[in-house]
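Biologist: Before we discuss this model, could you put it on the screen, and then take me through the side chains and the contact between the chains?

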Amino acid sequence: MLEQFGDNFLQIAVWVAYIGIAFSILLIVIRAVIGPTNPDRATALDAIGINMMALVGITAIDLQTNKLNDVVLVIGILLFIGTIAIAKFLEKGVIIDRNSD
Amino acid sequence: MKKNTNDLILKTLTQLIAFLLLGFSIYLFFAGHNAPGGGFIGGLMTASAIILMYITYGIEKIQQILPINYITMFIAGLMIATLSGVGAIMFGVPFLSQTFGYFDIPFFGETELATALIFDLGVYLAVVGVTMTIILTIATDATEDNEMNEEKVEA
């Protein structure tokens, strides 16, 4: 009885988390489209990536596997590099320059 | 371009994070073919570590530190991957067949060694070479080189 409730509770919690993350991604996509300035859009893209990491984490809980832990790390690293590239493009107008000094 | 912007935080963080990324890429490379990982994603992680260094320090400095011809690296990777497939024919089994065995290696204990690792090494080199070739070709276009030459002539 209690164990069955536990399983159901996990399912309900996972689906609530899925829906919440999906809704927040929807809001962030609106911000990325209408964002008044480019730094707004850069921050929105960063936030979409963080929500993707959360989505993979929730999926790992849902599927009860630990194979997806590396995926979270990989998404985080690629997101970090992408955010740095966007930030440098907004700041200096060039991503890889000849000589940074 | 503003000359007095300073990116001290980025430069300090890159020295730490590039090593973390290279270590993670080696972990992903050896985790492959039974778990998530392998040559492709390990190569992408290595390429992103190198790209991070290029973004932070500029092309001239990194080409002094890492004087690698990425096109040669890409060709070498394709050669290794192909030859590992051809090697299977030598033992009378179909092209690209693979095998594995358990060996007792000091310090690591009993380890599974698979011939798929050789193929993965080829994929790794090819992915790093192709990614870095594409990104550096896009980043260093001809107009920038011309501007550099004009600046040198004026100076």
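Modeller: This is a predicted model, and a good place to begin is Lys88(A), which has 8% relative accessibility and therefore counts as buried.

Biologist: In which helix of chain A is the place of Lys88(A), and what does Lys88(A) touch there?

Modeller: Leaving aside residues up to four places away in sequence, Lys88(A) touches Gly93(A), Val94(A), Ile95(A) and Asp97(A), and also Ile55(B) from the other chain. As for the secondary structure, the place of Lys88(A) lies within residues 69–92 of chain A, which form helix α3.

Biologist: Which residue meets the side chain of Lys88(A) in a salt bridge, and is that partner buried or exposed?

Modeller: Side chains of opposite charge can pair when their charged atoms come close. Here the N to O distance is 3.4 Å, and the residue whose side chain meets that of Lys88(A) is Asp97(A). Like Lys88(A), the partner Asp97(A) is buried.

Biologist: Which backbone oxygen lies 2.5 Å from a polar atom of the Lys88(A) side chain?

Modeller: Among the residues that Lys88(A) touches is one from chain B, Ile55(B). The oxygen at 2.5 Å from a polar atom of the Lys88(A) side chain is the backbone oxygen of that residue, Ile55(B).

Biologist: How many salt bridges does the structure hold over all chains, and which residues form the one across the interface of chain B and chain A?

Modeller: Over all chains the structure holds two salt bridges. Lys92(A) is in helix α3 of chain A and Asp7(B) is in the segment before α1 of chain B, so this pair joins two chains. At 18% relative accessibility, under the 20% limit, Lys92(A) counts as buried. The rule finds one salt bridge across the interface, and the side chains that meet in it, at 3.7 Å from N to O, are those of Lys92(A) and Asp7(B).

Biologist: How much area is buried between chain B and chain A, and which three residues of chain B supply 22% of what that chain buries?

Modeller: The size of an interface is often given as the accessible area lost when the parts come together. Between chain B and chain A that area is about 2,400 Å², with carbon and sulfur atoms giving 66% of it. On the chain B side, the three residues that supply 22% of the area buried against chain A, more than any other three, are Phe24(B), Pro36(B) and Ile55(B).

Biologist: How many residue pairs are in polar contact between the two chains, and which helix gives the largest share of the side of chain B that touches chain A?

Modeller: The count of residue pairs in polar contact between chain B and chain A, both residues being at pLDDT 80 or more, is two. Helices α1, α2, α3, α5 and α6 of chain B each supply at least two residues of the side that touches chain A. The largest share, eight residues, comes from α2(B).

Biologist: What geometry does the aromatic pair of Phe29(B) and Phe30(B) have, and which residue joins them in a cluster?

Modeller: A search of the whole structure finds five aromatic pairs over all chains. In the pair of Phe29(B) and Phe30(B) the centres are 5.1 Å apart and the planes are at 65°, which makes the geometry edge-to-face. Phe29(B) counts as buried because its relative accessibility is 9%, whereas Phe30(B), at 54%, counts as exposed. The residue that ring pairs link with Phe29(B) and Phe30(B) into a cluster is Tyr124(B).

Key:
Residues are numbered from 1 along each chain as its sequence is written. Chains are lettered from A and ligands numbered from 1 in the order in which they are written. This is a predicted model: local features need pLDDT of at least 70, side-chain atom pairs count only at pLDDT 80 or more; totals for chains, interfaces and linings use all residues. Side-chain values use heavy atoms; hydrogens and water are left out. Helices (H or I, at least four residues) and strands (E, at least two) are DSSP runs, numbered from the N terminus. Buried means under 20% relative accessible area, exposed over 50%, partly exposed in between (1.4 Å probe, protein chains only). A polar contact is a pair of N or O atoms within 3.5 Å; within protein, one must be able to donate a hydrogen and the other to accept it, and residues adjacent in sequence count only if both atoms are side-chain atoms. Contact means heavy atoms within 4.5 Å. Rings of Phe, Tyr and Trp (its six-membered ring) pair if their centres lie within 6.5 Å; planes under 30 degrees apart count as stacked, over 60 as edge-to-face and the rest as tilted. Buried area is the accessible area (1.4 Å probe) that two parts lose on being put together, summed over both. A salt bridge is a side-chain nitrogen of Lys or Arg within 4 Å of a carboxyl oxygen of Asp or Glu.
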